[in-house]
Amino acid sequence: MADGPVPDPSPDPIPDPIPDPQGKFLGMPYDWRKPTAARVKSRMWNPADPRLFTPRSYGWGYDMNFYWLTHPGRYFKKGTS
């Protein structure tokens, strides 16, 4: 018997042709998972997220964090504190 690692006779796994449900394509975020109320709220009304434009809760591109549109003073003040 030989000591040492035993080589794996199986070939390299075939890459999955189905893309991930979320990621980036051409620099734009996408998310093809079924939207949930929590995810939609976290993207469209989230004072804890400093971004004005957030990745869409469903689809390709960006949504707007409407919290910062309704509180513009806080948006500009957060950068100075």
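These are my notebook entries on a predicted model of one protein chain.

**Ground rules**

I number residues from 1 along each chain as its sequence is written, and I keep to heavy atoms for side-chain values, with hydrogens and water left out. Since the model is predicted, I accept local features only at a pLDDT of at least 70 and side-chain atom pairs only at pLDDT 80 or more, while totals for chains, interfaces and linings use all residues.

**Confidence**

I looked up pLDDT, the predictor's confidence in each residue on a scale from 0 to 100, and found that the chain averages 82, with 72% of the residues scoring at least 70. Among the elements of the chain, helix α3 (residues 72–78) has the lowest mean pLDDT, 85, and β4 has the highest, 95. For these elements I use DSSP runs numbered from the N terminus, helices being H or I with at least four residues and strands being E with at least two.

**The sheet**

I traced an open sheet of three strands in the order β1-β2-β4, with antiparallel pairing; the edge strands, each pairing on one side only, are β1 (22–25) and β4 (59–60). I count two strands as paired if DSSP finds at least two bridges between them. Strands of a sheet pair through backbone hydrogen bonds, either parallel or antiparallel.

Between β1 and β2 (residues 28–31) I find four bridges, with glutamine 22 standing opposite aspartate 31 and phenylalanine 25 opposite methionine 28. The two strands form a hairpin with two residues between them, and leucine 26 in the turn has a positive phi of about 55°. On to β4, I find that two bridges join it to β2 in an antiparallel run, and that tryptophan 60 is the bridge partner of tyrosine 30.

I then checked glycine 59, which is placed in strand β4. Glycine 59 counts as buried because its relative accessible area is 8%, where buried means under 20%, exposed over 50% and partly exposed in between (1.4 Å probe, protein chains only). Its C-alpha atom is separated by 5.4 Å from that of aspartate 31, although the two residues are 28 apart along the chain. Leaving aside neighbours within four places in sequence, glycine 59 is in contact (heavy atoms within 4.5 Å) with Pro29, Tyr30, Asp31 and Trp32.

**Salt bridges**

I looked up salt bridges, defined as a side-chain nitrogen of Lys or Arg within 4 Å of a carboxyl oxygen of Asp or Glu, and the structure holds four. Side chains of opposite charge can pair when their charged atoms come close.

Asp31, Arg33, Arg39 and Arg43 are linked in a network of such bridges. Within it, aspartate 31 meets arginine 33 at 2.8 Å, N to O, and arginine 43 at 3.9 Å, N to O. The latter pair links distant parts of the chain, with arginine 43 in helix α1 and aspartate 31 in strand β2, 12 residues apart.

For burial in this network, I note that aspartate 31 is buried at 2% relative accessible area and arginine 43 is buried at 16%, whereas arginine 33 counts as partly exposed at 30%. Arginine 39, in helix α1 (residues 37–44), is also a buried residue, since its relative accessible area is 14%. Not counting residues up to four places away in sequence, arginine 39 touches Asp31, Arg33, Lys34 and Ser57.

I also recorded the salt bridge of arginine 51 with aspartate 49, whose closest N and O atoms are 2.9 Å apart. In this pair arginine 51 is partly exposed, with a relative accessible area of 40%, while aspartate 49 is buried, with 10%.

**A nonpolar surface patch**

Finally I looked at the surface, where Phe25, Leu26, Trp32, Tyr58 and Trp60 form a nonpolar patch with about 630 Å² of accessible area together. A patch is made of residues with over 30% relative accessible area and no salt bridge, with like charges joined within 9 Å and nonpolar side chains (Val, Leu, Ile, Met, Phe, Trp, Tyr) within 5 Å. The areas come from the Shrake-Rupley method with a 1.4 Å probe, and for residues only the protein chains shown count as cover. Of the patch residues, I placed tyrosine 58 in the loop between β3 (53–55) and β4, and I list tyrosine 58 as partly exposed because its relative accessible area is 42%.
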